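Hi everyone, thanks for coming. I'd like to walk you through one model today, so have a look at it while I talk.

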Amino acid sequence: NLLALVVLVSGVLFMNPFRDSLVLQREQGLITETELISDTVAATAFTTGGQLPRSLDQVRIGPGVEVFLFDLNGSLVAQGIGQARPAKTSVERERTAIITNFLNAIWEGVSGILGARSSVESAVSAEGMARALFAQAMEGETAVTTAQSGAGGTFFSVATPVKVGAQVIGAIALTSAEGEIDRLVRFEREQVLQMFVIALLVSIGLSLVL
């Protein structure tokens with residue numbers, strides 16, 4: 001009786017497209033935010049005769065997102081960072097139970113053995129990811145990339161050109177905070193595991209009755 005339930009939950013966790021959907025949504029959100037900031041910087045540069053602003057105080061930056069403004073030579077002209085998200089409340093911290101933590105640890109161990117790990121896990125910096133996209137942005141394209149830190153957190157970075165009219169005068173790049181998607185996926189997986197525990201207890205109870 002328990003075997004079918006275990007196989008079902010394992011299949012849901014392995015093949016759940018939730019993470020892929022989150023990755024796509026986050027990339028699209030960063031692209032939109034980057035293009036909006038680029039338009040704001042371009043409008044400011046237009047009023048100053050094509051000079052890039054030395055500060056990004058006039059733009060709104062999402063929580064945890066770092067913004068880098070480069071000139072035509074690739075020199076960093078300005079940068080900014082959005083305010084971090086508020087810390088979790090005591091109620092949110094209590095949502096994760098001991099049993100769920102235990103099951104989640106087991107799941108991460110099993111998926112680490114069976115799943116394919118990234119072959120390259122190195123130190124990743126927000127500015128380094130932004131600079132890696134500078135060349136593509138200067139060609140007039142919006143470029144997107146992802147990277148994984150040594151701790152397993154995922155970064156997203158988007159770069160787009162800053163144009164005044166048809167002339168490219170610089171590039172703006174955004175890099176997300178580390179592990180945003182991973183935290184959301186972990187929370188979703190914890191909910192599945194909580195339901196698994198309930199279904200497991202019900203299955204054991206029904207088996208004893210039968």
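Let me start with a question: which residues in helix 7 are buried? The list is Glu180, Ile181, Val185, Arg189, Glu190, Val192, Leu193, Phe196, Val197 and Ser203. Keep in mind that what you see is a predicted model. Helix 7 has 30 residues, and from its first C-alpha to its last it reaches 45 Å, close to the 44 Å expected at 1.5 Å a residue. As a reminder, an α-helix has 3.6 residues a turn, so residues three or four places apart point the same way.

OK, the overall layout. The protein chain has seven helices and five strands. Going along the sequence, the pattern reads α-α-β-β-α-α-α-α-β-β-β-α. There are 210 residues in the protein chain, and 36% of them are buried. If you take contacts between residues at least 6 apart in sequence, 64% of those join residues at least 24 apart. The accessible surface comes to about 12500 Å², with 59% of that belonging to carbon and sulfur atoms.

Now the sheet. It's an open one, five strands in the order 2-1-5-4-3, with antiparallel pairing. Strand 2, residues 76–81, and strand 3, residues 143–148, stand at the edges with a single partner strand each, so one side of each has no neighbour in the sheet. On average, neighbouring strands here are turned by 20° against each other, ignoring direction.

Let's go through some of the pairs. Strand 3 pairs with strand 4, residues 154–164, in the antiparallel sense over six bridges. If you want a register mark there, valine 144 has valine 158 in strand 4 as its bridge partner. Strand 4 and strand 5 are also antiparallel, over eight bridges, and there you can find threonine 160 opposite isoleucine 172. The hairpin of strand 4 and strand 5 has two residues between the strands, and glycine 165 in that hairpin takes a positive phi near 70°. On to strand 1 and strand 5: antiparallel once more, over five bridges, with phenylalanine 70 opposite alanine 171.

So how much of strand 5 is buried? Eight of its nine residues are, so to speak, under cover. One residue to click on in strand 5 is valine 168. Valine 168 touches Leu72, Met138, Pro161, Val162 and Lys163, leaving aside residues up to four places away in sequence. Valine 168 and leucine 72 are 96 residues apart along the chain, yet their C-alpha atoms are separated by 8.0 Å.

Next, the inside. In soluble globular proteins, nonpolar side chains tend to be buried together. Here the largest nonpolar core has 24 residues, and the members that touch the most others are Val41, Leu69, Val162 and Ile172. Which elements give two or more residues to this core? Those are helix 2 (18–47), strand 1 (66–70), strand 2, strand 4, strand 5 (167–175) and helix 7 (180–209). Helix 2 has the largest share, eight residues. There's also a second, separate core of eleven residues, and Ala130, Leu133, Ala159 and Ala171 are among them.

Leucine 69 is a nice place to zoom in. Not counting residues up to four places away in sequence, leucine 69 touches Val41, Leu52, Pro53, Leu56, Ser75, Leu76, Val77, Ala78, Val162, Ala171 and Ile172. Two of the names from the core list, Val162 and Ile172, show up there as well as Val41.

Last stop, the loop between helix 2 and strand 1, where you'll find glutamine 58 and serine 55. Is glutamine 58 buried, exposed or partly exposed? Its relative accessibility is 39%, so glutamine 58 counts as partly exposed. Serine 55, at 27%, counts as partly exposed too. Glutamine 58 touches Thr40, Thr44 and Pro53, again not counting residues up to four places away in sequence. Glutamine 58 and threonine 40 are 18 residues apart in sequence and 8.4 Å apart in space, C-alpha to C-alpha. For serine 55, take glutamine 79: the two are 24 residues apart along the chain, and their C-alpha atoms are separated by 7.1 Å.

That's what I had, thanks for listening.

Technical notes: Residues are numbered from 1 along each chain as its sequence is written. This is a predicted model: local features need pLDDT of at least 70, side-chain atom pairs count only at pLDDT 80 or more; totals for chains, interfaces and linings use all residues. Side-chain values use heavy atoms; hydrogens and water are left out. Two strands pair if DSSP finds at least two bridges between them. Helices (H or I, at least four residues) and strands (E, at least two) are DSSP runs, numbered from the N terminus. Axes are lines fitted to C-alpha atoms, for helices over the stretch in contact, and angles run from 0 to 180 degrees between N-to-C directions. A nonpolar core is a set of buried Ala, Val, Leu, Ile, Met, Phe, Trp, Tyr and Cys residues joined through side-chain atoms within 4.5 Å. Buried means under 20% relative accessible area, exposed over 50%, partly exposed in between (1.4 Å probe, protein chains only). Contact means heavy atoms within 4.5 Å. Accessible areas come from the Shrake-Rupley method with a 1.4 Å probe; for residues, only the protein chains shown count as cover. The expected span of a helix is 1.5 Å times one less than its number of residues.
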